[in-house]
Amino acid sequence: MIPVQKIRSKVKRESRYFVRELNHKLGFYNDFYKTVRGSRVLIYHGICRQDHTRFNPIFLKLRTFEAHLKFYKKHFNVISLDDYYQQKFSDTKFNICLTFDDGFANNYKYVLPLLEQYKMPATFFITAIRAEGYDILWNDFLGIVSKYGPEEILYKNGFYRKDHFDKFISIQTGISMVEQLRSAGFEEKAEMMQLLYPLVPFKENKTEEDYWLQMTTDEIEKLAASPFAHIGSHGYYHNDLARIGIDDAAEELVFSKQYLENIIDKPVNSFAFPYGTYTPEVIAAAKEAGYSQLLAMDFYFGDDHNDPAMRERFTVNPFISTNNQMYATVTRRYE
């Protein structure tokens with residue numbers, strides 16, 4: 001798409017959002033939410049108090065998340081993941097299932113109190129990265145370094161330069177560092193974190209922990225004790241299971257399950273694919289590991305719709321208003 005077309009598309013999209021926001025405030029959509037039926041599994045990630053796009057474009061402000069909950073309370077029926085799989089749906093309201101990926105400590109700090117206040121269930125998909133002595137996921141680490149690091153770096157005998165999205169791009173290959181590491185094992189990612197941390201020693205600033213810090217085992221245990229929280233696995237290292245070897249992927253599926261079950265003393269039977277990616281072999285390995293609930297973003301293969309273990313999810317957009325998000329949630333479409 002050429003620049004002029006992009007500008008026109010953006011203007012049209014923002015105009016539609018503006019008009020819809022106005023119509024929501026005038027009450028024109030009340031009948032729409034009263035009559036709409038169906039169901040949706042939503043994906044949230046991190047929640048912070050302010051500056052939600054500082055490091056990560058998938059974070060949401062705390063006040064915005066609470067506005068979502070208030071909207072759900074008024075118009076929708078929020079159900080647990082187990083009830084969603086068992087199709088225990090309301091036939092008088094649109095049904096919503098809330099899920100949180102990545103295991104951020106801010107989920108325990110901010111989300112759990114609100115779930116208990118509004119009496120709404122949610123599932124939290126958590127990695128086992130703490131078992132390896134890390135308190136941050138590799139992709140979040142690289143995002144922070146890309147944001148605050150120098151314009152150009154030397155990494156493993158190759159030069160990388162930031163693009164206009166603050167991503168490090170290889171001067172030699174044109175491939176981003178994050179894309180290269182998506183296909184690597186965790187050893188290479190751990191080496192990257194060790195080598196690049198001196199460029200941006202961000203852990204010295206405790207006020208920014210909400211943007212990257214992972215839950216501790218104690219927080220996971222306390223979270224699981226709540227009747228409004230369900231724990232699922234999000235892999236061991238947050239590796240892309242579709243890109244690493246199937247033996248390594250199968251090992252991650254088993255070990256992450258064991259790690260979480262040892263902490264919460266409950267069965268862990270749900271798994272959300274990191275980055276939403278998977279292969280038929282990964283699906284088979286997940287079932288072999290004991291997972292009966294497999295959560296993707298979009299289905300990749302024709303038979304996925306017929307698999308009782310598989311469900312699609314819809315990612316919340318942090319850049320639009322609550323009213324526009326709720327409309328998109330029902331229609332499963334961002335304009």
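This tour moves through a predicted model, going from a strand to a hairpin, then to two pockets and finally to some salt bridges.

Begin by selecting residues 39-44, which make up strand β1. Because 6 of the 6 residues of this strand are buried, β1 is largely enclosed by the rest of the structure. With side chains shown, Ser39, Val41 and Ile43 point one way from β1, while Arg40, Leu42 and Tyr44 point the other way, and all are buried. In a regular strand the side chains alternate between the two faces of the sheet.

Keep β1 on screen and add residues 94-101, strand β5, which pairs with β1 in the parallel sense over 6 bridges. A useful landmark in this pairing is serine 39, whose bridge partner in β5 is asparagine 95. Next add residues 314-315, strand β14, which runs parallel to β1 and is joined to it by 2 bridges; here leucine 42 has phenylalanine 314 of β14 as its bridge partner.

Now move to residues 152-155, strand β7, where Ile153 and Tyr155 form a covered face and Glu152 and Leu154 an uncovered one. Extending the selection to strand β8, residues 158-162, shows two strands that run antiparallel and are joined by 4 bridges, with tyrosine 155 having glycine 158 of β8 as its bridge partner. The hairpin of β7 and β8 has 2 residues between the strands, and in this hairpin lysine 156 takes a positive phi near 50°.

For the largest pocket, select Phe55, Asn56, Pro57, Ile58 and Lys167, which among its 35 lining residues lie nearest its centre. The space in this pocket comes to about 1200 Å³. Helices α6 (138-148) and α7 (177-182) are the elements that give two or more residues to its lining, and α6 provides the largest share, 7 residues. Colouring the lining of the largest pocket by residue class would give 15 nonpolar, 10 polar and 10 charged residues.

The second largest pocket holds about 200 Å³ of space, and it can be found by selecting its lining residues, among them Gly185, Phe186, Tyr236, Asn239 and Phe255. The elements giving two or more residues to this lining are α8 (186-196) and α10 (246-264), of which α10 gives the most, with 4 residues. By class, the lining of the second largest pocket divides into 5 nonpolar, 2 polar and 4 charged residues.

The last stops are taken from the 21 salt bridges found in the whole structure. Select aspartate 135 and lysine 203, whose closest N and O atoms are 2.8 Å apart. This pair links distant parts of the chain, 68 residues apart, with aspartate 135 in the loop between β6 (122-126) and α6 and lysine 203 in the loop between α8 and α9 (217-225). Aspartate 135 is buried, at a relative accessible area of 18%, whereas lysine 203 counts as partly exposed at 28%.

A salt bridge within one helix comes next: lysine 222 and aspartate 218 have their closest N and O atoms 3.1 Å apart, and, being 4 residues apart in helix α9, they are separated by about one helical turn. Both partners are partly exposed, lysine 222 with a relative accessible area of 43% and aspartate 218 at 38%.

Finish with Glu179, Arg182, Asp240 and Arg243, which are linked in a network of salt bridges. Within this network, arginine 243 and aspartate 240 form a salt bridge with closest N and O atoms 3.4 Å apart; arginine 243 counts as partly exposed at 33% relative accessibility, while aspartate 240 is buried, with a relative accessible area of 1%.

How values were computed:
Residues numbered from 1 in each chain as written. Predicted model: local features only at pLDDT ≥ 70, side-chain atom pairs only at ≥ 80, totals over all residues. Heavy atoms only, no water. Buried < 20%, exposed > 50% of the residue type's maximum accessible area, 1.4 Å probe, protein only. Pairing = 2+ DSSP bridges. 1 Å grid on protein atoms, 1.4 Å probe; cavity = no way out; pocket = protein on both sides within 12 Å on 5 of 7 lines; lining within 4 Å. Points joined across faces, edges and corners; volume = space filled by probe spheres on them. Nonpolar A, V, L, I, M, F, W, Y, C, P; charged D, E, K, R; others polar. Salt bridge = Lys/Arg side-chain N within 4 Å of Asp/Glu carboxyl O.
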